[in-house]
Amino acid sequence: MQAWKKLGQVFEPKSNFPWMISHASVPFVESIDGDNIKVFFSTRNSDQESSIGFVIFNLYTLNILAISEQPVLSKGDIGCFDDSGVMGSDIIDINGIKRMYYIGWNLGKTVPFRNAIGIAESLDNGLTFRKPFAGPILDRTKDEPHFVASNCVMYDEGIFKIWYLSCTGWFHDHTGKVTHKYHIKYAESSDGISWNREGIVAIDFADDFEYAISVPRVIKEKNGLYKMWFSSRASKGIQTYRIRYAESEDGKHWFRHPEINGLDTEAEGWDAEMTCYPYVFDHENTRYMLYNGNGYGKTGFGLAVLENA
């Protein structure tokens, strides 16, 4: 069983800029320069609109070395799929172009929101990003009528592969609140833009109570084994997010393993209520994880290290 050791909270926005008032949600590594890690995250302004910014920190001291003074990506034009905010999800390099896959937000009336997935690209090694087109690359369809959101993209075996959140519906909980239900699906593409969606469910609900499975993070080991870390929560039992783990031989069919050690909530502090939104990366033959704590990233993100494989 995996044993993770928490290294501490790395960064929490505290009204650093008008566009960075709170939250550092869904962190992911954009680049590594020596022992300095550049991490993108989603932050909110006073109107709760999200943009994407970054920090650079030292992996061993956890000291913050730089904070973006401007967002690298902001909400789209009125009426577009991302006119209420954007949240970064993943980034890959394609022939010298850094392509970011991000979540666009629309606010709703009968339901609180609707999400879709878009892309932004950087030609200057991640300094600035532009949207090649205003519309999404993955949205609701006749077979997925609600919304799609957080994702992980990999170029593997000559094709692009994506694991993404797919909403299966909305329901009223015991308090009458409208609540979403979503799991993780899988699709493939020849160009990473147009996707062949066959309805393959990668991570399904563990039982009748689990209703939210999000932010898949997939690594393929040298032996061909796919490993995924993700978050889930339920309406009974553990009702706030926890980080989960699964393995697969083909990237499509997954086996969920028991709870991982060292990433549960603490008695008090920034991750006392929940642990969620993992991002796993390797550096100098060591595996690390960025993750969020309370308030879906309101208290920022922290770092953990894998002590045994």
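A residue counts as buried when its relative accessible area is under 20%, and Cys152, with a relative accessible area of 5%, is therefore buried. The structure described here is a predicted model, and the points below take up its cysteines, the surroundings of Glu144 and one open sheet of 4 strands.

**Cysteines**
- The structure holds 0 disulfides, and Cys152 accordingly takes part in none, the nearest cysteine sulfur being that of Cys276 at 17 Å.
- Cys167 is likewise buried, because its relative accessibility is 2%, and its sulfur lies 18 Å from the closest cysteine sulfur, in Cys276, which is too far for a bond.

**Glu144 and its surroundings**
- Glu144 sits in the loop that runs between β8 (113-122) and β9 (148-156), and with a relative accessible area of 6% Glu144 is buried.
- The side chains of Glu144 and Ser166 are joined by a polar contact of 2.5 Å.
- When neighbours within four places in sequence are left aside, the residues in contact with Glu144 are Tyr164, Ser166, Lys185 and Arg197.

**The open sheet**
- The 4 strands of this open sheet follow the order β1-β19-β18-β17, and their pairing is antiparallel.
- The edges are formed by β1 (3-11) and β17 (276-283), each of which has a single partner strand, so one side of each is left without a neighbour in the sheet.
- Neighbouring strands of this sheet are turned against each other by 25° on average, with direction ignored.
- β17 pairs with β18 (residues 286-292) in the antiparallel sense over 6 bridges, and Asp282 has Arg287 in β18 as its bridge partner.

Methods:
Residues are numbered from 1 along each chain as its sequence is written. This is a predicted model: local features need pLDDT of at least 70, side-chain atom pairs count only at pLDDT 80 or more; totals for chains, interfaces and linings use all residues. Side-chain values use heavy atoms; hydrogens and water are left out. Helices (H or I, at least four residues) and strands (E, at least two) are DSSP runs, numbered from the N terminus. Buried means under 20% relative accessible area, exposed over 50%, partly exposed in between (1.4 Å probe, protein chains only). A polar contact is a pair of N or O atoms within 3.5 Å; within protein, one must be able to donate a hydrogen and the other to accept it, and residues adjacent in sequence count only if both atoms are side-chain atoms. Contact means heavy atoms within 4.5 Å. A disulfide is a pair of cysteine sulfur atoms within 2.5 Å. Two strands pair if DSSP finds at least two bridges between them. Axes are lines fitted to C-alpha atoms, for helices over the stretch in contact, and angles run from 0 to 180 degrees between N-to-C directions.
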